[in-house]
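Dear colleague,

Please find the structure below. A short account of what was found in it follows.

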Amino acid sequence: MPDQGAALDQLRSLLSDCRNGRGGFAVVTGGLGSGKTELLQRFTDRAVEAGALVLSASGAWSEQSLQGGVLEQLVPGAGTPAGVTSRLAGLITSCAGSPTDHLPKAHLLHELCTTLLEVSREHPVVVSIDDVQFADSLSQQFLLHLRRRVSSARVLLVLGEWDHCHPLASRLHAEVNRRPACRIHLGPLSESGIATLLAKHTDSRTAAELAPLWRRWSGGNVMLVRAMLDDLVAGYVADDHNLGPAAVASVLSAVHRWEPSIPAVAQAMAVLGDDCSVDVVARLAEVSTEIAQQIVAFLGTSGLVLGTRFRHPGARAAVLDSLSSTERSALHGRAAEVLYHRGDDASTVAAHLLALGRLDGGCARWSVDVLRVAAEQALSADDVDAAIRCLELALTSAEGPQHVEVSRMLVRAWWRVNPSASAAYLDPLRTALWGGALRGRDVVILLWHALWTGDHTTVERGLEECGKDPRMLDVQSAAELRILCRFHGVGAGSLGGTPEVRRDTDPWAEAGTALGQFWTSSFDRQAVAAAEHVLKSCRPGETVPEVVATALLVLSFAGDIGSAAHWCGRVIDEAVNGGVRTWQAFFEVVRAHLTLRRGDPATAFRLAESAMSLLPAQSWGVSIGYPTAVLLTALTELGDLPRLDELLRLPVPEAMFDNVVGLFYLHARGHAQLACGRVLAAISDFQHCGLRMEQRGSDLPLVAPWRLDLAEANLALGRRDAARELVTQQLTRPSTDRWTRGVALRVLADLSAPRDREFLLTESVELLRAAGDGLALAKSQRHLDRLTSGTSAHAEDLAGTAVARGPQGEAAVASMLSDSERRVAELAAAGRTNREISALLYITVSTVEQHLTRVYRKLGVKGRAELPRELTSLGIHADVCGTGA
């Protein structure tokens, strides 16, 4: 298969033979953009330079019915003797305008051919006709007359035609096949041919790198390669997705140059995309399957397409962009209908409905169901945006039950990425719930949205409906709703008749009870098992986030912050992979909260800020207080008062204070107010927090230890007695856990005499270390470090050494005991067990045992039985031993 240079050499050789008296006939064939027209132009230019008389013409699809249209173009160019030009022009005009009866017309054509043969005795004659397949019948008749006579004269006839079969040229084809002819076929450029072209305009390395890419993208199409080269010279480099302006123009030129069926087929292929068959292309292009097969094959030989797919996305885009919006919509509408009736996948059909942008005509009857199924497929593939597009279009034509179903799916889809946007679709769901037609997870999602936005009216009526018909909720949905309501401060009685069946055997029922109670009563270790079950079973976008957050905070408050952080990371990863931005944002806050508890306020601040950027402020609903609380606490710990003061001005919804988030927020804001010196404002926040807990019927110091917060605020005002009373109230509550004790002992140390502070702070540090709260631990450790800095260790080196008895010796022995050791010794001497001492002094049993071991060593006694006598000898009397606590 010759390239342009070799083909031109062949034609020049024929011209040389022609000048020497031997006429010739050549047929140049090629596909769209093969360079056929360029070759003929270059050859005729050379022929003129060689002194030949050149008559050139070109066929056009639109002029096939114009008799003599090609013939009329055969006017000799400049340099032809005036007499010759005049004579030929007269004959050509006569032929084109001749009568329709055959004899006069044949006579004129014969005379024209004879005249050309006569002229060839003086000048070689070259007749070049491009796109001869579109030549009208009269012009074809002239070419047939001339073809039969060229061999005996200095006449060279060169015809250019495309590879695509054309019935109008059948007689000419028969003549060509019957008589000898030089056939030149221009195929696509090879990779090496492209590299050669590139090497003329760039370095060899670049040419070697681009050649295989350009061959793959263009299929070797000469016109496209040359256009890409023009773009490259102009500084535009094509890539896997885009073509330059010259390349785009070449694609359109190739497709639109010929008969309308070719652009119609190309446009159909572009609209259908990669997955289409020839029969669908034919129906969309409104041509027969046979014609579509021929055109697809023809486009294939050009290199622009591979099968029914454009080789380069930029070529497809160029064809699509050439359509008006009306034309493109019409094609997509027809494509949707054709594919639907053929039974194609819903997602494929939906893509064309979306491109159409409306549902009307025949497609409106079936399109809603197709779009709904496509949305389900998209949600399963975590493509939320695609699902929303399908559902919003479907809603424009959905009626009756379809309208409720599509609205339900839209709420679920928006729930994943922007909860505030789902508000527009909630009314049909509310109506369905009031009528008892909503079930299971859809009930939970509707009530979640109402709780999230503070819509108490919908919550109360929804729970009432659930109470009327327990069958509205399955066990899992009921369990999630129970936890959700507890989180948002909805009382247990409001749940009415929601099912709690199989609570002793169903894990979800157990989880609903255990985790629901976590927000209303003291911490129960059994909730840890429920939390782990939920975390293993939940999936972002399906389980409501407050349920998962509850499970994570249960693990955290149980002291297993590492496990909570691990699970939180998994939830966030799944949310990111699934495109569930609501979950990602919410659990970034949970991660920030856990990071705070680990004692890293700077990282916590960064995480909370990142979470806030993932959702618009209005989409946070009442939960906006959660990231704000983390930010306030982090800035308080960092001592960043300017930013803290700015954040305190951020408005929050009043409905937020009804839920757990409100408690977190009041606790954080109160301490921020303290840090800014606004003690009365802090007291107001802490009192508000306590009041809200009382209204909830719960006391949750793990969430917000409001009594201890108030104690700190009163201490700042110098009201030591009020502060001590609040700490005592907290410590004497039966549900006080080790974390709360640890915080309480730190506050109590600030209220105690100097001799008692080290003991209290030491116990606080131990308790908080066991609780796994790095932030609270750091506070207690700082207090302890300040207290002990600059002091020397007690006379531990005297332990075990004999001490002289007598008043001075006894005083020395007594001074060897620390305050904490002395208190433990007094209680042990009074007959208290180690566990009782642990409870009375708010220390661990292990700490009691360690203190007693040191007491025995220092006093030189063998065990607990000798303590009363030994302590009495030191001036510590029995009545003191019996009452110390």
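In what follows, buried means under 20% relative accessible area, exposed over 50%, and partly exposed in between, with a 1.4 Å probe and protein chains only. The model is predicted, so local features need pLDDT of at least 70 and side-chain atom pairs count only at pLDDT 80 or more, while totals for chains, interfaces and linings use all residues. Residues are numbered from 1 along each chain as its sequence is written, and side-chain values use heavy atoms, without hydrogens and water.

Glu286 counts as exposed because its relative accessibility is 62%. This residue lies in the loop between α12 (278–285) and α13 (289–302); helices are DSSP runs of H or I with at least four residues, numbered from the N terminus. Although Glu286 is not glycine, its phi is positive, near 60°.

Asp382 also has a positive phi, near 65°. Its place is the loop between α17 (364–380) and α18 (384–395), and with a relative accessible area of 23% Asp382 is partly exposed.

The largest pocket (an open set of points on a 1 Å grid over the protein atoms alone, with protein on both sides within 12 Å along at least five of seven lines) has a volume of about 740 Å³, taken as the space filled by probe spheres set on the points. Its lining comprises 32 residues, and Thr633, Glu637, His667, Leu775 and Lys779 are the closest to its centre; lining residues have an atom within 4 Å of a point. Elements giving two or more residues to this lining include α30 (625–638), α32 (660–675) and α38 (774–788).

With kind regards

Conventions:
1 Å grid on protein atoms, 1.4 Å probe; cavity = no way out; pocket = protein on both sides within 12 Å on 5 of 7 lines; lining within 4 Å.
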